[in-house]
Amino acid sequence: MAGILGTLVVLLILLVLAVWLGIERQYRGRPGNRLELESGKWTMTTREPQHYVIEGEPSLVNLTRTLEIMVPEISVETELLSGASLEGITVTTELISDHEDAPARPDNYWFAYIVKTGQSTGLKIKVDIQGPDLSRLKALWVKVHYLTYGPEGRIPKLGNVVVPLKYPDPGAPQNWRTTPKAEVLPIPTHLLGPLDSPIDTVKRYVQPYAQPGDIVTIGETPVAIMQGRWRHPSDVKPGWVAKRLCYFFMPTSSLATACGMQTLVDLVGPIRVVYAFVVGAIAKKFFGRAGMFYVLAGDQARLIDDVTGALPPYDQFIVLGPQNVEQIVQDIYTATGLKAAIVDVNDLKAVKILAATPGTDVDLVTSALLDNPAGNADEQTPVVLIHPKS
């Protein structure tokens, strides 16, 4: 009797999971108000000691194939990141519509506009910065607030662009460090963002110091940021699973908040997250095997960085793990001739290599990065050059 009852319970659980999976797949298949901001091209058209002018051409892209999304409201907000006080500095912004089929109004009023299925529309943003000394400004953070109107009603969204304003001095002294197997050089860069790429970063900052046989490493978080894989918590809507499971994770975990957990749910689905949680809990409780949740939930479960996990202004965002890392390191090698690796390193002497070009000495890379030469604070040295000792 007990065996029959147990079998019925298992079948009931499987039935509930199957129904839930079907509903979840159907819901996740709905496109919703999928209108996203793409950064586009940004240029500093004026650069004087007391006057900067930055002009951008972002676009709003309708990622659905069957639905039109309306944009009834849009506005721009800016924030400056600086190494000194912002006293005396003024910022003015101008936003102009750039629709192919409708000219902008003379008063720059944004009239409600329909972005058709699979299409996009443009806008022009001009930011004028004036002040007594602008040399300490590090970056301009442009926040585009726009309202989408579509199948899910009125949904406010936030698009973000970070435009670098300050670049490292190429003539600054090199800070080589000695390890048992290699000489290591943490290389400072400007504040990287979606306007950058890993290949261009290596060409600009690493190649001047590199020699044949050297290895370049890039942190996984900067790569993800360059790929635009960061979400503001205001754009994350935690569901039932995320709100409950997040309480079971250590407070220091990026999955210990509802929004952090929801980003994982959005990536792999609630069924996989629940399955990984249940099996992981059983494995830890009865078999002493910790960490099974991260194995079953996938690599992204370990790579998500919640709020405070990156440099400003990305410390206000949830940064996902990077994509296509194997292709990135191969592209770097093809473009520069340097072996490359994308790594996840912390101050606890933990080094995880996400991807490396074929033939890379991963033991050498691990040894060279044990002391985390790139740092976890505001060093702004996301790339590290490794020169093997002969």
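Glu 79 stands opposite Trp 141 in strand β7, and this pairing offers a way into the model, which is a predicted one. Strand β3 (residues 69-82) and strand β7 (residues 137-150) run in the antiparallel sense and are joined over 11 bridges. The protein chain to which they belong contains 10 helices and 16 strands, and 43% of its 390 residues count as buried.

**The sheet around β7**

- Four strands make up an open sheet in the order β5-β3-β7-β8, and their pairing is antiparallel; the edges are formed by β5 (113-115) and β8 (153-164), each of which pairs on one side only, while the twist from one strand to the next averages 40 degrees.
- Between β3 and β7, Met 70 is a further residue with a partner across the strands, since it stands opposite Tyr 149 in β7.
- On the β8 side, β7 and β8 pair in the antiparallel sense over 12 bridges, with Val 142 standing opposite Val 161 in β8, and a hairpin of two residues joins β7 to β8.
- Of the 14 residues of β7, 10 are buried, so this strand is largely enclosed by the rest of the structure.

**Aromatic residues**

- A search of the whole structure finds six aromatic pairs; in one of them, the rings of Phe 249 and Phe 293 have centres 5.0 Å apart and planes at 70 degrees, and because an angle over 60 degrees counts as edge-to-face, the pair is assigned to that class.
- Phe 249 belongs to the loop between α4 (240-245) and α5 (258-268), whereas Phe 293 belongs to helix α7 (residues 292-297), so the pair ties together parts that are 44 residues apart in sequence.
- Both partners are described as buried, Phe 249 with a relative accessible area of 14% and Phe 293 with 7% relative accessibility.
- Trp 141, the β7 residue that stands opposite Glu 79, forms one aromatic cluster with Trp 230, Tyr 314 and Phe 317.
- The ring of Trp 141 also has a charged neighbour, as the charged end of Lys 143 sits over this ring at 4.0 Å from its centre.

**Helices α5 and α6**

- The axes of α5 and helix α6 (residues 270-287) come within 7 Å of each other and cross at roughly 115 degrees.
- Where the two helices meet, α5 contributes Met 261, Leu 264, Val 265 and Val 268, while α6 contributes Pro 270, Arg 272 and Val 273; sorted by class, the residues of this contact are six nonpolar, no polar and one charged.

**Ile 332 in helix α9**

- Ile 332 is found in helix α9 (residues 325-336), and because its relative accessible area is 1%, under the 20% cut-off, this residue counts as buried.
- Leaving aside residues up to four places away in sequence, Ile 332 touches Pro 198, Ile 199, Val 202, Val 216, Ile 218, Gly 337, Leu 338 and Ala 340.
- Thr 252 lies 80 residues from Ile 332 along the chain, and the C-alpha atoms of these two residues are separated by 33 Å.

**The chain as a whole**

- Taken along the principal axes, the C-alpha atoms of the protein chain fill a box of roughly 85 × 65 × 40 Å.
- Among contacts in the protein chain between residues at least 6 apart in sequence, 69% join residues that are at least 24 apart.

Terms used
Residues are numbered from 1 along each chain as its sequence is written. This is a predicted model: local features need pLDDT of at least 70, side-chain atom pairs count only at pLDDT 80 or more; totals for chains, interfaces and linings use all residues. Side-chain values use heavy atoms; hydrogens and water are left out. Rings of Phe, Tyr and Trp (its six-membered ring) pair if their centres lie within 6.5 Å; planes under 30 degrees apart count as stacked, over 60 as edge-to-face and the rest as tilted. Buried means under 20% relative accessible area, exposed over 50%, partly exposed in between (1.4 Å probe, protein chains only). A charge sits over a ring if NZ of Lys or CZ of Arg is within 6 Å of the ring centre and within 35 degrees of the ring normal. Axes are lines fitted to C-alpha atoms, for helices over the stretch in contact, and angles run from 0 to 180 degrees between N-to-C directions. Contact means heavy atoms within 4.5 Å. Ala, Val, Leu, Ile, Met, Phe, Trp, Tyr, Cys and Pro count as nonpolar, Asp, Glu, Lys and Arg as charged, and the others, Gly among them, as polar. Two strands pair if DSSP finds at least two bridges between them.
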